[in-house]
Structure formats: structure tokens, C-alpha cells
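Good morning, and thank you for joining this group meeting. I would like to take you through a structure that is new to many of you, beginning with a pocket and then turning to two helices.

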Amino acid sequence: MTMKGLCVGIDLGGTKIAGALVDQDGSILRRIRLETRVEQGPQAVIDRLVEAIVQLTDGVRSSVEGVGVAAPGPLDSRSGVVFSPPNLPGWVDVPLRQVLEDRLGVPVKLENDANAAAWGEYWFGAGQRKGSMIYLTVSTGVGSGLVLDGRLFRGENTFAGEIGHTIVDPEGPPCGCGRQGCLESLVSGTAIAKFGQTTDPSSLIHSLAAKDGGVIRAEHVFEAYRMGDAHAEKIVRQTVRYLAIGLSNLIHIFNPGKIVVGGGVSRAGDVLFPLLQEQLDSYLMAPFRGTCEAVPAALGEDAGVLGAAALWTDRRQQVGTGDSS
Ligand SMILES: [Zn+2]
């Protein structure tokens with residue numbers, strides 16, 4: 001192969017290590033998936049990362065511009081150090097970028113997984129490489145990333161974009177972060193399921209879950225809503241209300257043209273998007289109304305690998321870590 005400008009994207013944020021060899025247009029030329037096996041500790045996971053990258057770049061090494069790795073935070077994408085993510089037990093201040101560069105001899109950039117997904121959607125998905133965009137992923141938790149004026153915004157410590165932990169109700173439920181009333185504690189799939197579990201047993205939510213393994217999940221709440229269940233309607237309306245409050249705060253601060261919503265909960269987009277658009281406008285000051293459109297994410301599970309690869313697609317953006325390299 002004589003192709004120039006290939007990039008490797010690795011997503012360590014999912015249940016498996018997902019990797020892809022990607023060209024400048026965002027076409028995936030090769031893929032790999034390996035078990036992460038986090039319980040074996042950082043060294044074993046890093047060995048598998050190296051294996052994945054070696055396989056993806058076999059025979060095309062000289063055409064590879066760089067490797068982008070999306071990993072669960074907290075991490076510092078400038079220094080390339082992974083701190084101690086709850087999803088990677090045993091990892092403490094691992095200098096992942098340096099370790100991979102030393103072992104592979106190719107330049108590596110590290111990015112928080114939600115930021116990488118935001119960047120992927122901006123470059124190759126629903127963001128369409130235009131202007132300012134907020135990416136939100138709502139699944140078991142709530143992650144997000146900010147693309148402002150065409151650049152991934154990372155902030156002083158590269159921690160920016162934690163929309164999920166902005167407080168939208170100081171009296172709200174406890175959050176996994178130790179505080180209460182965070183957006184995540186009110187609108188995540190986990191939260192929606194919990195609200196569903198506390199509904200009256202006469203609710204359709206319970207009968208739908210009973211026919212489907214017995215455990216109430218967010219999708220049962222949305223299904224009951226579609227069937228006209230009043231309890232489900234209350235939960236869905238509350239979810240959308242808090243989402244709209246959280247997002248309207250961001251819209252007033254950043255004036256994005258688009259909010260791109262991904263993650264498992266966005267599969268209920270037929271229910272969520274019309275309600276969200278309507279509620280959003282009601283929380284916005286006059287000049288902002290109608291300026292921001294909420295749209296579904298376009299890349300699904302590939303957002304992370306594509307975004308990680310896209311850290312290398314446009315050198316002018318200089319978004320990743322090894323900016324000097
Ligand atoms: Zn929180």
C-alpha cells in the first residue's frame with residue numbers, strides 16, 4: 001500500500017478494546033476488537049493495546065501518521081497520563097501515551113473517551129465539521145464533549161465538558177461522584193430505570209419488564225410512555241425537563257448550533273427529540289430560541305475510534321496531545 005495519511009483509532013472506553021485503521025475521509029479500512037480484561041491490570045491491557053495497534057498497522061506502518069487513543073477519564077490529554085479511572089481498576093497515573101510511543105515507535109495522542117466521540121461526530125458524523133457543537137452521550141452515565149469554533153475544547157487541565165456532573169437540582173438524588181443532583185443522577189439510563197422501579201406496580205413499566213426478564217430498564221419506561229402510561233409519562237417529562245435545563249445552561253454559555261445526542265438512551269429518540277426541542281426553547285432567552293438543533297449521533301459505537309483517529313486527520317487543528325511532535 002502506498003496510501004498516505006492513515007491513522008489508527010483505539011477506543012478503550014467500551015466493554016472491549018476497539019481499534020480501527022482509518023483514512024483521511026473517515027473510512028475504516030481495518031478493524032480489531034479484543035477483550036479488555038481490566039481485571040488483569042494495566043500491564044496486560046497495555047500489552048493488548050500494543051498487539052491491536054501492531055495488527056492494524058501491519059504492512060502499512062510507514063503510511064501511519066499517528067495513533068489516537070480514547071480512554072476513560074480522569075486523564076490529562078496534554079501529558080498523556082491516565083489517572084485512576086473507575087472503569088480501569090488498578091490504573092494509577094499511567095503515562096499511557098509515553099509507554100505506547102516507546103513500545104511502538106509511532107506518535108500517540110490520548111483523549112478522554114467522551115471528547116474523542118465528540119470529535120468523531122464533529123469530523124465524520126452529525127457535526128458535519130461546522131461551527132460549534134455539544135456532544136452528549138446518555139447511557140449508564142452521561143458523558144459529553146465540546147467542539148467550539150471548530151476546535152475540541154479541553155480547558156486548563158483537559159477536564160472540560162463534564163456536563164453530566166453539572167448540578168441541575170441541589171436537592172436531587174445522590175450521584176456516583178459523591179455529590180447530589182448532577183444531570184447524570186437525573187437523566188442517565190440508570191436514573192431513568194431507578195425512577196421506573198419506584199413507580200406504582202399498576203404502571204405498564206412493571207408489566208413490560210416482567211415479560212422481559214423482570215428487571216426494569218430505561219427502555220421499558222420509554223415503551224410504556226409510547227403506550228400512553230401516565231407513570232412513564234411523568235418520568236419521561238421529568239427527564240427531558242432536566243436535560244433541557246442542563247443543555248439550556250450550556251447554550252447560553254457557548255451558543256452551539258447543534259447538540260448531538262448519542263448513547264443507549266438516544267435509541268428512544270422518537271420520544272426524546274421532539275420533547276427536548278420543545279422544552280429547550282422554553283428555557284432559552286429570546287435571541288437563543290431556534291438557534292440550536294438537537295440531533296441524533298450518526299456514528300454509533302464507531303464515534304470513539306473515529307474521533308481518536310481524527311485527532312490526527314487535520315494537523316492544522318493541533319487538538320491532540322503531542323502538539324509539538
Ligand atoms: Zn455527579
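**The second largest pocket**

In this predicted model, the second largest pocket is lined by T140, P173, P174, C175, G176, E184, S185, S188, T190, A191, K194 and F195. Two elements, α4 (183-187) and α5 (189-197), each give two or more residues to that lining. Of the elements, α5 contributes the most, with four residues. By character, the lining residues comprise five nonpolar, five polar and two charged. The volume of this second largest pocket is about 210 Å³.

Let us stay with α5 for a moment. Which residues of α5 are buried? They are G189, A191, I192, A193 and G196. A191 thus appears both in the lining of the second largest pocket and among the buried residues of α5. The cover over the buried residues of α5 includes β8 (133-138), α4, α6 (204-210), α7 (218-226) and α8 (230-254).

I now turn to helix α2, which spans residues 96-104. Its buried residues are L96, R97, L100 and L104. Why do these residues lie on the same side of α2? They do so because they cover an arc of only 100° around the axis. As a general point, an α-helix has 3.6 residues a turn, so residues three or four places apart point the same way.

What covers the buried residues of α2? Among the covering elements are α1 (42-56), β4 (64-71), β6 (81-82) and β7 (108-112). Finally, α2 is followed by G105, which has a positive phi, near 70°.

Notes
Residues numbered from 1 in each chain as written. Predicted model: local features only at pLDDT ≥ 70, side-chain atom pairs only at ≥ 80, totals over all residues. Heavy atoms only, no water. 1 Å grid on protein atoms, 1.4 Å probe; cavity = no way out; pocket = protein on both sides within 12 Å on 5 of 7 lines; lining within 4 Å. Points joined across faces, edges and corners; volume = space filled by probe spheres on them. Nonpolar A, V, L, I, M, F, W, Y, C, P; charged D, E, K, R; others polar. Buried < 20%, exposed > 50% of the residue type's maximum accessible area, 1.4 Å probe, protein only. Arc of directions from axis to C-beta. Contact = heavy atoms within 4.5 Å.
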